[in-house]
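Q: I would like a close look at one part of this structure. Please treat the pairing of two strands and then the surroundings in which they lie.

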Amino acid sequence: MAHILIIDDEKSIRKTLSEILGYEGYKLSEASDGLEGLNLFKSKEPDAVLCDIKMPKMDGLEFLEKAKEINPDVPVIMISGHGNIDTAVEAVKKGAYDYISKPPDLNRLLITLRNALDKNTLVAEAKVLRKKVNKTPDMIGDSEPILKIKETIDKVAPTDARVLVTGENGVGKELVARWIHARSNRAAAPLVEVNCAAIPGELIESELFGHEKGSFTSAIKQRIGKFEQANGGTLFLDEIGDMSLNAQAKVLRALQEGKITRVGGDKEISVDVRVIAATNKDLLKEVEERNFRLDLYHRLSVIIIHVPSLNDREADVPLLVDKFLGDICGEYGIAKKQIDKAAMKSLQAHQWTGNIRELRNVVERLVILSGKCITPEDVASYVVPGSGPES
Ligand SMILES: Nc1ncnc2c1ncn2[C@@H]1O[C@H](COP(=O)(O)OP(=O)(O)OP(=O)(O)O)[C@@H](O)[C@H]1O
């Protein structure tokens with residue numbers, strides 16, 4: 001239930017409001033002046049505020065101003081006495097949600113509060129959605145392989161098909177997974193990522209499936225695993241080739257049956273999760289070497305998207321360089337630097353490791369060390385090892 005902060009120096013008004021709102025089930029905090037109210041506003045993070053206008057120490061208008069600076073999304077409803085309706089109107093102009101008159105009319109109070117809270121929920125939801133939409137970065141490139149990848153993403157995203165994304169480190173595998181999720185019917189639910197290589201073998205099961213309290217020494221409280229967290233959404237299993245055989249068996253079962261069991265638990269929990277996996281390993285070779293289960297491989301690889309290294313999509317290098325130049329100069333707060341044609345050609349011809357982060361680092365180095373226009377000499381000095389004056 002929503003938490004309401006009541007600020008009024010008149011004890012009787014606080015009492016009336018508390019009784020009405022308490023009866024409706026709201027959680028309440030009370031303050032007798034603006035200053036105390038502001039402290040509670042910071043510490044309790046209420047969902048809405050009812051605030052008197054005339055009060056000692058800090059009046060309602062000052063409170064409103066300060067509260068808006070701290071969190072502009074929390075609606076503040078002013079409580080106005082006979083003498084200060086004009087001030088209440090002024091407060092609404094300054095960002096108060098609305099005002100109610102003293103003595104508070106029960107219906108008007110409850111309706112105003114409910115509307116304010118509804119609006120607040122919508123604002124919060126819109127923020128989350130906006131964040132989600134913005135969270136998927138652009139996939140730069142118009143080379144043949146990237147266009148093909150985008151086409152495949154558009155086809156598979158709306159289905160629930162499992163996708164295995166392969167490619168060297170840093171080629172953009174995670175970006176592909178994010179794009180698939182963002183374009184799927186699950187986009188409003190979470191995309192939960194697990195880096196299987198970064199989690200010690202003995203913890204991976206608890207990470208994926210959760211655990212019950214006391215199931216092992218460090219399990220001091222119950223924990224929900226990534227499969228459950230991703231319920232309704234997508235689970236991205238990065239570096240799946242590094243998962244232990246033991247964990248592979250459990251993941252296989254979860255995929256076959258759509259059910260998981262927490263470590264130390266006996267209850268089966270149904271989960272509705274789409275799995276996207278990624279690896280930089282040759283999984284079939286891992287299968288041959290008995291490090292990876294063939295049945296799991298088949299479950300995961302309904303669709304395979306291979307992201308080629310930069311060296312196999314030279315055409316994308318200028319676009320990426322241009323994007324990174326813009327981003328980096330923006331971060332440094334300087335005008336976007338230019339790059340000479342010949343310099344761009346030599347970046348394009350460079351043998352990249354395949355990791356796009358390497359290209360970004362190189363562009364950052366060039367931004368820092370070069371003049372307004374990046375020249376072939378800059379590239380020779382700062383990028384191609386062994387060919388510059390510094391080496
Ligand atoms: N086509 C692209 N356009 C723009 N940025 C990209 C592109 N591909 C990758 N990047 C960026 O390069 C970085 C590395 O990409 P990402 O993390 O997706 O690679 P990865 O293959 O999953 O890496 P790892 O193997 O290390 O997990 C990220 O910052 C990503 O946003």
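In which sense do strand S10 and strand S13 pair, and over how many bridges?

A: In this predicted model, strand S10 (residues 234-238) and strand S13 (residues 274-279) are paired in the parallel sense, over 4 bridges. Within this pairing, Leu 235 is found opposite Val 275 of S13. In general, the strands of a sheet pair through backbone hydrogen bonds, in either a parallel or an antiparallel manner.

The two strands belong to an open sheet of 5 strands, ordered S7-S10-S13-S6-S14 and paired in parallel. Its edges are formed by strand S7 (191-195) and strand S14 (303-306), each of which pairs on one side only. From one strand to the next, the twist averages 20°.

The residues of this region also lead to the largest nonpolar core, which has 56 residues. Among those with the most contacts inside this core are Leu 235, Leu 237, Ile 276 and Ala 277, together with Phe 227. Helix H15 (residues 356-369) gives the most to the core, namely 5 residues. Because domain 2 (144-308) and domain 3 (311-382) both give residues to this core, the core lies between them.

Phe 227 links back to strand S10: leaving aside neighbours within four places in sequence, its contacts include Leu 235, as well as Leu 208, Phe 209, Ala 254 and Ile 260. Val 271 and Val 273 are also in contact with Phe 227. A second, separate core of 31 residues includes Ile 4, Ala 31, Leu 50 and Ile 77.

Technical notes. Residues are numbered from 1 along each chain as its sequence is written. This is a predicted model: local features need pLDDT of at least 70, side-chain atom pairs count only at pLDDT 80 or more; totals for chains, interfaces and linings use all residues. A nonpolar core is a set of buried Ala, Val, Leu, Ile, Met, Phe, Trp, Tyr and Cys residues joined through C-beta atoms within 7 Å. A residue is buried if 20 or more other C-beta atoms lie within 10 Å of its own, exposed if 12 or fewer, and partly exposed in between; C-beta atoms are placed from the backbone. Domain bounds come from an automatic or database domain assignment. Two residues are in contact if their C-beta atoms, placed from the backbone, lie within 7 Å. Two strands pair if DSSP finds at least two bridges between them. Axes are lines fitted to C-alpha atoms, for helices over the stretch in contact, and angles run from 0 to 180 degrees between N-to-C directions.
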